[in-house]
Amino acid sequence: MALAIAAGSACAHGDEPHGDAPHPAPATTATGPRFEAATNLFEVVGRLHDGVLTLWVGRYASGEPVADARVEIEQGPLAATARYRAAAGDYVVADAAFVAALARPGPHALVLAVTAGDDADLLDATLS
């Protein structure tokens with residue numbers, strides 16, 4: 001009985017590679033400052049990387065991406081408008097002064113104004 005149990009636990013499971021087959025590279029986690037913000041209308045995720053602030057905007061209730069909205073963002077006295085990139089389905093802020101201010105060490109309080117059709121909302125976030 002003990003041999004049957006031990007033999008059963010040695011069987012392969014799932015579809016992961018075994019033996020000499022190459023193992024896939026582990027999933028990498030994006031690094032760099034980021035934030036998440038949500039209201040009852042929208043959710044926004046942002047990440048600062050490669051000299052731009054990239055934003056992903058979705059409907060809070062469904063998670064459906066929001067295309068071609070107007071997204072304005074403020075950090076202290078600085079303000080910028082995100083440009084929608086249809087091919088990527090995201091928004092990007094490339095304003096050099098704005099991005100440089102966000103690249104400084106430490107947390108950065110942000111206010112985002114999202115307008116999509118008849119829906120508009122303000123979101124507070126902290127980039128850290």
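What follows is a walk through this structure, from the whole chain down to a few single residues.

Let us begin with how far to trust the picture. The model is predicted, and the protein averages a pLDDT of 87, with 77% of the residues scoring at least 70. Please treat the start of the chain with care: over residues 1-7 the pLDDT stays under 50, and for this stretch the model has 0 contacts beyond four places in sequence.

Now for the overall plan. The protein contains 2 helices and 8 strands. If you follow the sequence from its beginning, these elements come in the pattern α-β-β-β-β-β-β-α-β-β. Of the 128 residues in the protein, 30% are buried. The accessible surface comes to about 8,200 Å², and carbon and sulfur atoms hold 56% of that. Parts of the chain that are far apart in sequence also meet: among contacts with a separation of 6 or more, 44% link residues 24 or more positions apart.

How are the strands arranged? The 8 strands make an open sheet with antiparallel pairing, in the order β1-β2-β3-β6-β5-β4-β7-β8. At its edges stand β1 (34-38) and β8 (119-127); each has a single partner strand, so one side of each is left without a neighbour in the sheet. On average, neighbouring strands of this sheet are turned by 25° against each other, direction ignored. Strands of a sheet pair through backbone hydrogen bonds, in a parallel or an antiparallel way.

A good place to look more closely is β4, which covers residues 70-75. Its side chains alternate: V71, I73 and Q75 point to one face and are buried, whereas R70, E72 and E74 point to the other face and are not. On one hand, β4 pairs with β7 (residues 108-116) in the antiparallel sense over 5 bridges, and here V71 stands opposite V114. On the other hand, β4 runs antiparallel to β5 (residues 78-85), and 5 bridges join these two strands. In that pairing, E72 of β4 faces T81 of β5. The hairpin of β4 and β5 has 2 residues between the strands, and G76 takes a positive phi near 60° in this hairpin.

From V71 we can step into the interior. The largest nonpolar core has 26 residues, and those with the most contacts inside it are F35, L53, L55, V71 and L112. The element that gives the most to this core is β7, with 4 residues. Which residues does V71 touch, leaving aside its neighbours within four places in sequence? Its contacts are L55, V57, A80, T81, A82, Y91, L112, A113 and V114. Two residues in that list, L55 and Y91, are also bridge partners, with Y91 belonging to β6. The strands behind this bridge, β3 and β6 (residues 90-93), run antiparallel and are joined by 3 bridges.

Our last stop is a loop. Between β3 (52-59) and β4 lies a loop that holds E64. Is E64 buried, exposed or partly exposed? Its relative accessible area is 48%, so E64 counts as partly exposed. Setting aside neighbours within four places in sequence, E64 is in contact with V57, G58 and R59. E64 and F42 are 22 residues apart in sequence, and their C-alpha atoms are 9.6 Å apart in space.

Conventions:
Residues numbered from 1 in each chain as written. Predicted model: local features only at pLDDT ≥ 70, side-chain atom pairs only at ≥ 80, totals over all residues. Heavy atoms only, no water. pLDDT = per-residue confidence, 0-100. Contact = heavy atoms within 4.5 Å. Buried < 20%, exposed > 50% of the residue type's maximum accessible area, 1.4 Å probe, protein only. Areas by Shrake-Rupley, 256 points an atom, 1.4 Å probe, with all protein chains shown as cover. Pairing = 2+ DSSP bridges. Core = buried A, V, L, I, M, F, W, Y, C linked by side-chain atoms within 4.5 Å. Axes fitted to C-alpha atoms, helices over the stretch in contact; angles between N-to-C directions.
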